[in-house]
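Student: I have a structure open and would like to learn how to read it. Could you take me through it, feature by feature?

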Amino acid sequence: MRPFLLLCLFLIAAEALPQSGPKKAVFVIVDGIPADVIEKQPTPSLDAIAREGGYVRAYVGGDKGTYSQTPTISAVGYNSLLTGTWVNKHNVWDNAIKAPNYHYWTLFRFFKQQYPHKTCAVFSTWLDNRTRLIGEGLPETDRLRVDYPFDGFELDTLRFPHDRNADYIHRIDEIVTDEAASRLREQAPDLSWVYLEYTDDMGHKFGDSEPFYKAVTLMDDQMGRLWKAIQYRRKTFGEDWQIIITTDHGRDAQTGRNHGGQSDRERLTWIVTNARNLNDHFRKSIPAVVDIMPTLARHLQVSLPKEQAFEIDGIPLTGRLSLTGAGVKKEGGKLTVTWKPAETEGRVKLWLATTNHFEEGRRDLYRLMDEVPVGQGQAVLDVSKLPSGFYKIVLEGRHNQLNRWIVE
Ligand SMILES: [Zn+2]
């Protein structure tokens with residue numbers, strides 16, 4: 001009896017313990033699927049992944065009506081995920097990607113800077129993701145290199161002649177998925193981005209209707225192939241894999257064909273992950289697309305240098321936090337800063353800069369305005385003697401930091 005019991009306990013422990021081998025991460029963007037749609041369709045693969053971690057409704061579009069309001073447009077959302085910032089920083093306002101501000105580094109850049117010998121991959125139905133958002137090979141990104149690129153097929157009209165129903169996009173999504181699954185299985189890049197487009201095309205063409213729902217079903221099957229490759233790696237090599245799947249925007253409530261605006265449904269997205277140590281920011285609030293980058297960074301043990309971390313708008317969805325939910329208000333010469341404490345002990349440093357040289361690649365002078373117990377949840381800063389017009393406020397806790405602007 002006893003050896004059997006011990007064996008059972010051992011098996012339970014082995015199952016519950018996170019894998020301790022090399023850390024690997026994959027994030028996936030499947031285009032343009034509002035949370036209400038994903039929730040109504042059968043998605044057995046996403047469900048299997050969420051059973052290990054979770055599913056949550058999320059949002060894109062920044063802080064509505066404020067300096068960080070962000071269009072619910074594809075490339076804009078991808079870049080918010082990549083950089084952990086809203087459009088007021090990363091500066092990609094639409095799919096033309098005219099002038100990305102590369103001073104706000106993508107996760108790929110942080111990762112390669114810290115781990116030049118580790119590998120990264122992009123499997124994508126849209127070429128610009130690698131060449132313009134990540135900015136591979138550009139002087140502005142210090143000629144960042146992607147080790148396993150697989151994309152650009154939408155430009156190959158011989159192999160993939162364009163048809164009115166965008167079947168060619170589905171076929172490209174298929175080869176992108178299969179390549180991603182086989183690379184994950186064989187080479188296991190340390191950081192991978194998979195991007196699939198077909199769902200958005202069906203949404204634009206048919207709106208809320210069967211062809212769109214069917215595209216969601218096809219997508220779920222594709223996620224199943226990635227998940228299978230990850231399980232193979234975990235079982236065979238003991239690697240510690242994190243996968244995060246999300247979408248870049250919702251769709252309009254009337255037809256489901258459009259997006260770009262700030263309506264509730266256009267802002268309504270979702271996140272599925274197998275991450276095991278999800279925190280209350282994931283479990284008990286509505287996370288944002290910008291939270292994914294710092295979450296992946298935590299998993300991959302990428303440390304974000306302080307001045308760059310001060311710019312990131314997202315909050316990790318895993319592990320310990322000090323504070324969330326920052327607010328700032330200016331009245332007269334006083335700034336009232338508020339936050340929601342996520343721990344009872346520890347202190348918060350309140351930093352303030354009145355410049356934004358960072359966006360030009362230069363440094364801002366941060367003044368330490370106050371340091372208070374995190375449980376206090378609020379502080380009042382006297383700014384009557386400082387230059388006015390622009391304030392960049394950072395709340396630095398032990399486990400994470402938040403930032404807010406005031407633009408007068
Ligand atoms: Zn999109």
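**Reading the model together**

Tutor: Let's start with one residue: Thr-269 lies in strand β7, which covers residues 268–273. Keep in mind that this is a predicted model.

Student: Is Thr-269 buried or exposed?

Tutor: The idea is to look at relative accessible area, where under 20% means buried. Thr-269 has 1% relative accessibility, so Thr-269 counts as buried.

Student: Which residues does Thr-269 touch, apart from those up to four places away in sequence?

Tutor: Leaving out those sequence neighbours, the list includes Ala-35, Arg-57, Ala-58, Tyr-59 and Val-60, as well as Thr-247, Asp-248, His-249 and Gly-250. With Tyr-59 there is also a polar contact: the Thr-269 side chain comes to 3.4 Å from the backbone nitrogen of Tyr-59.

Student: Arg-57 was in that list. What salt bridge does Arg-57 form?

Tutor: For a salt bridge, look for a side-chain nitrogen of Lys or Arg within 4 Å of a carboxyl oxygen of Asp or Glu. Here Arg-57 pairs with Glu-39, and their closest N and O atoms are 2.7 Å apart. Glu-39 belongs to helix α2 (residues 35–40) and Arg-57 to strand β2 (residues 54–59), so this pair ties together parts 18 residues apart in sequence. Glu-39 is partly exposed at 38% relative accessibility, and Arg-57 is partly exposed with a relative accessible area of 35%.

Student: How many salt bridges does the structure hold?

Tutor: There are 30 salt bridges in the structure. Another one to find joins the side chains of Lys-24 and Asp-190, at 3.2 Å from N to O. Lys-24 sits in strand β1 (residues 23–30), while Asp-190 is in the loop between α8 (167–186) and β5 (191–196), so the pair ties together parts that are 166 residues apart in sequence. Both Lys-24 and Asp-190 are buried.

Student: What about residues in loops? Where does Gln-301 lie?

Tutor: A good habit is to compare places along the chain with places in space. Gln-301 is in the loop between α13 (292–299) and α14. Gln-301 and Lys-23 are 278 residues apart along the chain, and 8.3 Å separates their C-alpha atoms. Not counting residues up to four places away in sequence, Gln-301 touches Lys-23, Gln-114 and Tyr-115.

Student: Now for the bigger picture. Which domains does the chain have?

Tutor: The domain assignment gives domain 1 (21–309) and domain 2 (323–407). Taken over C-alpha atoms, the centres of the two domains are 31 Å apart.

Student: How many residues of domain 1 and domain 2 are in contact?

Tutor: To read an interface, count the residues on each side, then look at the area they cover. Here 13 residues of domain 1 are in contact with 15 residues of domain 2. Between them the domains bury about 1,300 Å², with 49% of it on carbon and sulfur atoms. On the domain 1 side, Tyr-67, His-103 and Glu-307 lose the most area to domain 2, together 42% of what that side buries.

Student: What kinds of contacts cross between the domains?

Tutor: Between domain 1 and domain 2 the count is 2 salt bridges. Lys-306 forms a salt bridge with Glu-396, with 3.2 Å between the closest N and O atoms. There are also 8 residue pairs in polar contact across this interface. Two elements, α5 (87–90) and α14 (306–309), each give two or more residues to the side of domain 1 that touches domain 2. The largest share of that side, 4 residues, comes from α14. By class, that side has 3 nonpolar, 5 polar and 5 charged residues.

Student: Where is Asp-313?

Tutor: Asp-313 is in the loop between α14 and β8 (323–331). Asp-313 is buried, with a relative accessible area of 17%. A polar contact of 3.3 Å joins its side chain to that of Asn-403.

Student: Which residues are linked with Asp-313 in a network of salt bridges?

Tutor: The network links Asp-313 with Lys-89, Glu-311, Asp-364 and Lys-392. To read a network, take one pair at a time. Glu-311 and Lys-392 form a salt bridge, their closest N and O atoms being 2.7 Å apart. Glu-311 is in the loop between α14 and β8, and Lys-392 is in strand β13 (residues 390–396), so the pair ties together parts that are 81 residues apart in sequence. Both Glu-311 and Lys-392 are buried.

How values were computed
Residues are numbered from 1 along each chain as its sequence is written. This is a predicted model: local features need pLDDT of at least 70, side-chain atom pairs count only at pLDDT 80 or more; totals for chains, interfaces and linings use all residues. Side-chain values use heavy atoms; hydrogens and water are left out. Domain bounds come from an automatic or database domain assignment. Contact means heavy atoms within 4.5 Å. Buried area is the accessible area (1.4 Å probe) that two parts lose on being put together, summed over both. A polar contact is a pair of N or O atoms within 3.5 Å; within protein, one must be able to donate a hydrogen and the other to accept it, and residues adjacent in sequence count only if both atoms are side-chain atoms. Ala, Val, Leu, Ile, Met, Phe, Trp, Tyr, Cys and Pro count as nonpolar, Asp, Glu, Lys and Arg as charged, and the others, Gly among them, as polar. Buried means under 20% relative accessible area, exposed over 50%, partly exposed in between (1.4 Å probe, protein chains only).
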